[in-house]
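Subject: The model we talked about

Hi,

Here is the structure I promised to pass on. Have it open while you read, and my notes on what turned up follow below.

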Amino acid sequence: MHRTPHSSPHLRVMSVLGLLAALLLPLGMTFAPGALAAPTADPVRVMPLGDSITGSPGCWRAVLWNRLVSGGYQDIDFVGTLPPQGCGQAHDGDNEGHGGELVTNVADQNLLSGRLASTRPDIVVMHFGTNDVWSSIAPDRILAAYTKLVAQMRASNPDMRILVAQLIPMNPSSCAGCAQRVVDFNARIPGWARATGTDRSPVTVVDQWTGFSTAADTYDGVHPNASGDDKIAARWFPALSAVLDAGVPQDPGDPGDPGEDPAACTARFRAVSSWQGGYQGEVTVTNTSASAVRGWTATVVPANGARLTQLWNGSLSTAADGTATVRNAAWNGTLAPGASASFGFVATAPAAAGTPAATVTCAGAAPAA
C-alpha cells in the first residue's frame with residue numbers, strides 16, 4: 001500500500017484531470033490513453049476482533065486509526081458489525097469487539113462466519129481470549145478455537161492476513177490465578193502461529209504483554225486506560241503497517257463466480273473406541289461446495305493433551321503443540337459436490353483425559369478442471 005496524505009476511504013474525490021476531461025469532452029477535445037488517472041483500488045478492510053478490550057469502548061482502535069492516518073496511509077477501512085462506541089476522537093469506529101464474549105463460544109456457535117460475510121475483511125487484528133483465560137478454560141481448547149476461527153477467515157478470504165495478540169496482562173482482584181494463566185497461555189501462541197500460518201495467509205504474533213502494566217495501564221486490572229490504549233496501539237501499528245506496506249491481495253471473488261469456487265468443506269469427528277491412555281478416532285470430510293475439489297486438508301486439534309500417533313487414509317504431520325494436519329491420500333482427494341471421505345487415527349492420551357474430543361476443520365483445494 002502506498003503511504004500518501006490520507007483521504008477518507010468512504011469518499012471518492014474526482015481528480016483534477018478527471019474534472020478537466022468532463023469540461024473539455026463536450027468541446028471535442030480528448031486525452032491520450034493513460035492521461036486520466038487510474039481508478040483507485042478498493043480500501044483495505046481491517047477487522048478489529050475481540051471482546052470488551054477491543055470494543056467496549058476499545059479506544060486503542062481510535063489511537064491506532066489516527067496514527068495510521070498521521071503516518072500517511074490512505075484507503076483503509078476498519079470494519080465490523082458493531083458501530084463506534086465513543087472514545088472522544090474522530091476515527092473509523094466499526095469493530096467486532098463484543099463485550100463479554102469468549103473466543104471458545106464464538107467458535108463453538110459458529111458466530112464469526114456471518115460477521116465475516118457481512119464485512120469482508122482483508123486483515124483481521126485479533127486480541128481475543130481474555131474471558132476464556134479468566135474462566136480457567138484450558139489453553140488447548142482456546143487454541144483450538146483460534147484454529148477454527150482462522151479456518152473460517154480463510155474460507156471468507158483465502159488471502160486473509162491475520163495479526164494475533166499475545167494478551168495484555170490481567171490481574172483483577174477477583175481472580176488470583178489470572179495473571180499466571182495469561183502468561184501460560186501467551187507462551188503457547190507463537191508455536192500455534194507457526195503451525196497455523198501459511199505463505200498465502202500468514203499469521204503474525206504481536207506481543208501486547210511485554211511492557212504493559214496492570215497497575216499503570218488499566219483501570220481495573222483488566223481493561224486499558226488511556227495509557228494502556230496508547231501502548232496497545234503502539235504495538236499494533238508496526239505490524240499492521242508492515243502488512244499494508246507489503247500489499248494485500250483484494251477481491252478474492254464471490255463464491256458463485258465461475259472458476260472461483262472456494263472449494264468449501266466441513267469436517268466431523270467421532271470417537272470409534274477408547275481405552276486407558278488412548279482412543280481410536282475418525283474424521284469425515286465432506287465437500288460442501290458446488291464443484292468437485294481435487295484435494296483437501298484437515299486440521300485436528302485433540303483435546304486434553306491427546307496426540308495422534310497413527311493414521312490411515314491420509315498423510316499426517318504434527319506440530320509441536322499436538323495440532324495435526326492431515327492431507328488426503330492419492331485416491332480419496334477428489335470429491336464431487338456433497339461427497340465425503342474419511343480417515344482414521346489412533347491417539348494417545350493422559351490417563352485422566354476423559355471423553356475423547358477434538359476440534360476439526362478442513363479446507364478444500366481449487367476446484368477440479
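Strand S4 and strand S5 (residues 161-166) pair in the parallel sense over four bridges. Here, helices (H or I, at least four residues) and strands (E, at least two) are DSSP runs, numbered from the N terminus, and two strands pair if DSSP finds at least two bridges between them. For one bridge to look up, take Met126, whose partner in S5 is Val164. S4 also runs parallel to S1, and five bridges join those two. There, Val46 has Ile123 in S4 as its bridge partner.

Before going on, please keep in mind that this is a predicted model: local features need pLDDT of at least 70, side-chain atom pairs count only at pLDDT 80 or more, and totals for chains, interfaces and linings use all residues. Residues are numbered from 1 along each chain as its sequence is written, and side-chain values use heavy atoms, with hydrogens and water left out.

Back to S4: is it enclosed or open? Five of the five residues of S4 (residues 123-127) are buried, so the strand is largely enclosed by the rest of the structure. Buried means under 20% relative accessible area, exposed means over 50%, and partly exposed is in between (1.4 Å probe, protein chains only). In a regular strand the side chains alternate between the two faces of the sheet. In S4, Ile123, Val125 and His127 point one way, while Val124 and Met126 point the other way.

Next, have a look at helix H5 (residues 112-119). Which of its residues are buried? They are Leu112, Arg115, Leu116 and Thr119. Seen down the axis of H5, these fall within an arc of 100°, so they line one face of the helix; the arc is that of the directions from the helix axis to the C-beta atoms. The face turned away from that side carries the exposed residues Ala117 and Ser118. The cover over the buried residues of H5 includes strand S1 (44-50), strand S3 (96-97), helix H4 (103-108) and helix H7 (139-156). Right after H5 comes Arg120, with a positive phi near 50°.

Arg115 leads on to Glu101, which sits in the loop between S3 and H4. Glu101 counts as buried because its relative accessibility is 15%. The side chains of Glu101 and Arg115 are joined by a polar contact of 2.9 Å. That term means a pair of N or O atoms within 3.5 Å; within protein, one must be able to donate a hydrogen and the other to accept it, and residues adjacent in sequence count only if both atoms are side-chain atoms. Leaving aside residues up to four places away in sequence, Glu101 touches Asp51, Val106, Leu111, Arg115, Phe128 and Asn131. A contact means heavy atoms within 4.5 Å.

Elsewhere there is an open sheet of four strands, in the order S7-S8-S13-S10, with antiparallel pairing. Its edge strands are S7 (265-275) and S10 (307-312), each pairing on one side only. S7 is joined to S8 (residues 278-287) by 10 bridges, and Trp275 has Gly278 in S8 as its bridge partner.

Finally, the whole chain. How many helices and strands does it have? There are 10 helices and 14 strands. Of the 369 residues, 46% are buried. Among contacts between residues at least 6 apart in sequence, 74% join residues at least 24 apart.

Cheers
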